[in-house]
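Please open the structure in your viewer and keep the selection tool at hand. The tour proceeds by a series of selections, each followed by an account of what is found there.

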Amino acid sequence: MPHCIIEYSNDLAELVTPRELIDAVYAGTEESKMFENDDIKVRAISYAHHKTVNDKYGFIHVTLKTLAGRSWLKKQKLSGLVLNKLAELPSFNIHITVEVLEMEVASYSKLVK
């Protein structure tokens, strides 16, 4: 935990690779010191079709799914650290957003096989 899901517009391919996005999100999550490094999971999804302001802007949106129970201050710190790491990547005309969502412990199941 956490599950970090990066959604981004594929027009960013000229500026940044999926690996760079994944590494930036991982680094921000790791820097929070809220999780064991082996527990951080990051994946990226590219969108060819999207609509933003006048179609002039690309986007990066990161959802950080964590188990419930952390204070809003910790969630704010986590999202800020990830946002800062993404802001260091080369980009222009882009909207970058990060949100932390809680998963209920009672409904979360896991199997490692």
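The stops below concern one helix, a residue near its end, a strand residue and a pair of rings. The model is a predicted one.

**First selection: helix α2**

Please select residues 72–87, which form helix α2. With 16 residues at 1.5 Å a residue, α2 should span 22 Å, and its end C-alpha atoms are indeed 22 Å apart, in agreement with that expectation.

Next, colour Leu78, Ser79, Leu81, Val82 and Leu86, which are buried residues of α2. Turn the view to look down the axis of the helix: the buried residues fall within an arc of 155°, so they line one face of α2. An α-helix has 3.6 residues a turn, so residues three or four places apart point the same way. On the other side of α2, select Trp72 and Ala87, both of which are exposed.

What covers the buried residues of α2? The cover includes helix α1 (18–31), strand β3 and strand β4 (94–103), which may now be added to the display.

**Second selection: Lys85**

Remain in helix α2 and select Lys85. Its relative accessible area is 22%; Lys85 is therefore partly exposed, as this value is not under the 20% that marks a buried residue. Beyond its neighbours within four places in sequence, Lys85 is in contact with Ala24, Ala27, Gly28 and Glu31. For a distance to display, choose the C-alpha atoms of Lys85 and Arg43: they are separated by 16 Å, and the two residues are 42 apart along the chain.

**Third selection: Thr66**

Move to strand β3 and select Thr66. Is Thr66 buried or exposed? Thr66 is buried, with a relative accessible area of 1%. Setting aside neighbours within four places in sequence, the residues in contact with Thr66 include Leu78, itself one of the buried residues of α2. Also among the contacts of Thr66 are Met1, Pro2 and Phe35, together with Val100, Leu101, Glu102 and Met103.

**Fourth selection: the aromatic pair**

How many aromatic pairs does a search of the whole structure find? The search finds 1. Select Tyr47 and Phe59 to display this pair, which is tilted, with 6.1 Å from centre to centre and 40° between the planes. Tyr47 belongs to strand β2 (residues 41–47) and Phe59 to strand β3 (residues 58–67), so that the pair links distant parts of the chain, 12 residues apart.

Finally, compare the surroundings of the two rings. Tyr47 is partly exposed, with a relative accessible area of 29%, whereas Phe59 is buried, at 17%.

Terms used. Residues are numbered from 1 along each chain as its sequence is written. This is a predicted model: local features need pLDDT of at least 70, side-chain atom pairs count only at pLDDT 80 or more; totals for chains, interfaces and linings use all residues. Side-chain values use heavy atoms; hydrogens and water are left out. Helices (H or I, at least four residues) and strands (E, at least two) are DSSP runs, numbered from the N terminus. Buried means under 20% relative accessible area, exposed over 50%, partly exposed in between (1.4 Å probe, protein chains only). Contact means heavy atoms within 4.5 Å. Rings of Phe, Tyr and Trp (its six-membered ring) pair if their centres lie within 6.5 Å; planes under 30 degrees apart count as stacked, over 60 as edge-to-face and the rest as tilted. The expected span of a helix is 1.5 Å times one less than its number of residues. The arc is that of the directions from the helix axis to the C-beta atoms.
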